[in-house]
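Work through the exercises below with the sequence and the model open. Each task is followed by its solution.

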Amino acid sequence: MKVERVLAESAFVLHTWPYQESSMILDVLSEHHGRIRLIGRGAKRSKGGQALRPFNELSFSWSGRSELKSLTAHELVAHRWLQGESLFCGLYANEVTLRALRRHKAEEFLFTAYKNLMASLDGEGEGALELSLRRFEFSLLASIGFGVNFEVDCEGRKLAEHLCYVFEPDVGFLAAAAGDQAYSGKVLAGIHRQAFDDTEVLRGARRLARSALVPHIGPGPLMSRGLYV
């Protein structure tokens, strides 16, 4: 198998854990190569090792034949020290990304969506934080091939604002009677436009995104859920 060598690739650290005495394993979301797992040998003792932490954007170089690549160089691009609700939102975003996104699946628009999310977590108010998370969740779903179709129902009929629908993951919207589990077509149109200044639309987007993500993040509870989202 040919050795893969990548130089100066922009990426965000999603998760790290220690490996042996002085090294660490990193899961990163890269701009052009998707989710990559790296081993940073001696990183815990190196001068630049402190930069290898979640939410930081770095320039990475790596090489290797297997799925686990060797980190050969890194340089800090942007440091973020998230606190409070911003920290909880960041932890949630990292966890759902790790659980939903297969390694090496490269979707550049997801990298952009994640970068925009990280920028929004700096100094934003509570309402803006939730808005940013909803946008990211729908981008994540699209990146794994399960974007929500807000144009038509599962039978190909155009969604109507005066009707109600229930959502079946991996199937789509089905016309239904009004009820606690149903979404009005008006709310769905608002979610599609990202009109999240409307409280009802934002609440519907939160419920819909969670429902759509369930099949792709596994049955186990999210450690970050309950902290904020």
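Two strands pair if DSSP finds at least two bridges between them. Helices (H or I, at least four residues) and strands (E, at least two) are DSSP runs, numbered from the N terminus. The model is predicted: local features need pLDDT of at least 70, side-chain atom pairs count only at pLDDT 80 or more, and totals for chains, interfaces and linings use all residues. Residues are numbered from 1 along each chain as its sequence is written, and side-chain values use heavy atoms, with hydrogens and water left out.

**Exercise 1. Trace the pairing of E3.**

Step 1. Start with E2 (residues 23-30): a hairpin of 3 residues joins E2 to E3. The two strands pair in the antiparallel sense over 7 bridges. Ser30 stands opposite Gly34 in E3.

Step 2. Turn to E5 (residues 68-78). E3 and E5 run parallel, joined by 3 bridges. Here Leu38 stands opposite Lys69 in E5.

Step 3. Check burial, where buried means under 20% relative accessible area, exposed over 50%, and partly exposed in between (1.4 Å probe, protein chains only). In E3 (residues 34-40), 6 of the 7 residues are buried, so the strand is largely enclosed by the rest of the structure.

**Exercise 2. Assemble the barrel and place its helices.**

Step 1. Five strands close into a barrel in the order E1-E2-E3-E5-E4, with mixed pairing. From one strand to the next, the twist averages 50 degrees. Axes are lines fitted to C-alpha atoms, for helices over the stretch in contact, and angles run from 0 to 180 degrees between N-to-C directions.

Step 2. H1 packs on the sheet and touches E1, E2 and E3; its direction makes about 110 degrees with that of E1. Contact means heavy atoms within 4.5 Å.

Step 3. H2 (residues 108-120) also packs on the sheet, touching E1, E2 and E4 (57-64), and its direction makes about 55 degrees with that of E1.

**Exercise 3. Describe the largest pocket.**

Step 1. Fix the term. On a 1 Å grid over the protein atoms alone, a pocket is an open set of points with protein on both sides within 12 Å along at least five of seven lines; lining residues have an atom within 4 Å of a point.

Step 2. The lining has 10 residues; Leu14, His15, Leu91, Asn94 and Glu95 lie nearest the pocket centre. E1 (4-19) and H1 (84-100) are the elements that give two or more residues. H1 gives the most, with 4 residues.

Key. 1 Å grid on protein atoms, 1.4 Å probe; cavity = no way out; pocket = protein on both sides within 12 Å on 5 of 7 lines; lining within 4 Å.
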